[in-house]
Amino acid sequence: MEEKRITIYDIAAEVGVSPSLVSRVISGKGSVSDKTRKRIQDVIDKYDFRPNAMARGLQRSRTRMIGFMIPHIGNEYFSNVYYEFEKHASENGFMTILYNGKNDPGTELKILQVFDEMRVEAAVIMGGSADAVAINEEYASAISSLNRQVPCIICSEQAEKFGCIGVHTDTEKKAKLVVEHLHKKGYRTAGILGGAASGNWCRYPTTKMYEQFSRYAREYEIEVRPEWIHGNSYNEWDGEAAMKELLAERELPRAVCCINDHVAYGAMLAAQDMGLHIPKDMAVVGSDNVRIASMARPSLTTVAVDFERMGRLIFEKIMEREKRKTPRLYLIDPMLIERDST
């Protein structure tokens with residue numbers, strides 16, 4: 001009697017999972033927990049199962065699609081990086097699909113699942129849960145699973161914690177550039193506005209910027225008091241609210257470092273509404289050099305991100321992933337642009 005040929009349906013039934021999960025393990029593409037993957041692989045090994053040639057051909061089919069997830073589509077920092085990346089991707093025959101994670105872990109997990117179902121050939125992740133100080137275990141597991149199947153580039157200085165290649169602007173150098181500039185201009189007291197350095201919205205880039213700015217401020221003998229640090233988010237409204245909280249203090253710093261240009265713009269408006277003149281009464285420095293920095297009045301001194309280089313580097317690292325699978329962080333040097341706000 002001819003021996004019955006084992007199929008993925010037989011393996012799925014024995015393990016107690018769906019055939020699609022077995023298919024993901026066989027193809028090497030898709031999100032499967034480590035525990036379930038081992039159970040499936042054990043049964044595959046038990047029967048020495050090998051998919052037929054046609055099935056292997058289907059599994060290796062290429063989509064030429066790259067998934068790109070950002071936390072807030074309205075923040076120009078993220079959209080600028082996406083714009084530069086997409087230029088390089090399209091020039092090389094790839095379609096990039098943009099998803100808005102909304103800074104919501106549940107939404108981000110669903111998007112990662114969509115990347116898997118769409119069989120993207122690479123994924124780029126910016127901000128959101130990838131920048132959270134308290135890393136969500138389920139999110140980290142999903143990233144790890146995806147990264148085993150396709151190149152997964154995380155635009156965060158925490159990328160190596162996920163086992164991924166990372167591309168980001170050097171936060172420590174940003175902080176040093178701001179402090180050096182303020183010292184050169186004669187400012188000896190400074191505050192920090194914007195971002196979330198504690199609570200549920202606590203983000204690693206913010207905590208690192210706060211820490212490094214404070215460290216270099218001590219080195220350059222610029223005073224930074226705890227009561228001069230305010231912020232809960234990353235938009236113009238947070239900048240406005242943070243400045244109002246700062247202006248309620250009895251003593252004020254001569255300068256403020258803002259977590260990004262959106263926060264700096266809102267902070268300047270609030271200060272001007274209260275009758276302050278910038279930079280005569282208080283200097284303001286932003287970060288990123290998005291369009292609003294040059295359009296503000298006075299124009300905003302800021303630490304510029306090299307968006308073109310960042311987008312190009314992300315794409316290059318996707319293309320190189322087959323040669324270099326070891327996690328590594330690539331840092332891009334920022335540049336200070338002096339304008340009228342200091």
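Which residues do ring pairs link into a cluster? I opened the predicted model with that in mind. I found F68, Y82, F85, F94 and F315 joined by ring pairs.

**Entry 1: aromatic rings**

I counted eight aromatic pairs in the structure. I then took up F68 and Y82. Their ring centres are 5.1 Å apart and their planes stand at 80 degrees. Over 60 degrees counts as edge-to-face, so I logged this pair as edge-to-face. I also checked where the two residues sit. F68 belongs to strand β1 (residues 65-70) and Y82 to helix α5 (residues 76-91). They are 14 residues apart, and the pair links distant parts of the chain.

Next I asked whether each is buried or exposed. F68 has a relative accessible area of 0%, and I noted it as buried. Y82 comes out at 17%. The cut-off for buried is under 20%, so Y82 is buried too.

**Entry 2: charges over rings**

I looked for charged side chains over rings. The charged end of K161 sits over the ring of Y204, 5.5 Å from the ring centre. R215 lies over the face of Y216, and here the distance to the ring centre is 4.3 Å.

**Entry 3: the sheet**

I traced an open sheet of six strands. I read the order as β2-β1-β3-β4-β5-β11, with parallel pairing. Why do β2 (95-100) and β11 (329-332) each have one side without a neighbour in the sheet? They stand at the edges with a single partner strand each, so one side of each is left free of a neighbour. On average, neighbouring strands of this sheet are turned by 20 degrees against each other, direction ignored.

I zoomed in on β3 (residues 122-126) and β4 (residues 152-155). Four bridges join these parallel strands. A123 stands opposite C152 in β4.

Then I turned to helices lying across the strands. Helix α6 (residues 105-117) crosses β1, β2 and β3, and runs at about 175 degrees to β1. Helix α7 (residues 137-149) lies across β1, β3 and β4, at about 135 degrees to β4.

**Entry 4: helix α9**

I followed α9 (residues 204-219) from end to end. Its 16 residues reach 22 Å from the first C-alpha to the last, close to the 22 Å expected. I listed its buried residues, among them M209, Y210, F213 and Y216. What do the buried residues of α9 pack against? I found α8 (171-184), β6 (190-193), β7 (229-230) and β8 (255-258). Just after α9, I noted that E221 takes a positive phi of about 60 degrees.

Definitions and conventions: Residues numbered from 1 in each chain as written. Predicted model: local features only at pLDDT ≥ 70, side-chain atom pairs only at ≥ 80, totals over all residues. Heavy atoms only, no water. Phe/Tyr/Trp six-rings, centres within 6.5 Å; stacked < 30°, edge-to-face > 60°. Helix = DSSP H or I, 4+ residues; strand = E, 2+ residues; numbered from the N terminus. Buried < 20%, exposed > 50% of the residue type's maximum accessible area, 1.4 Å probe, protein only. Lys NZ or Arg CZ within 6 Å of the ring centre and 35° of its normal. Pairing = 2+ DSSP bridges. Axes fitted to C-alpha atoms, helices over the stretch in contact; angles between N-to-C directions. Contact = heavy atoms within 4.5 Å. Expected span 1.5 Å × (residues − 1).
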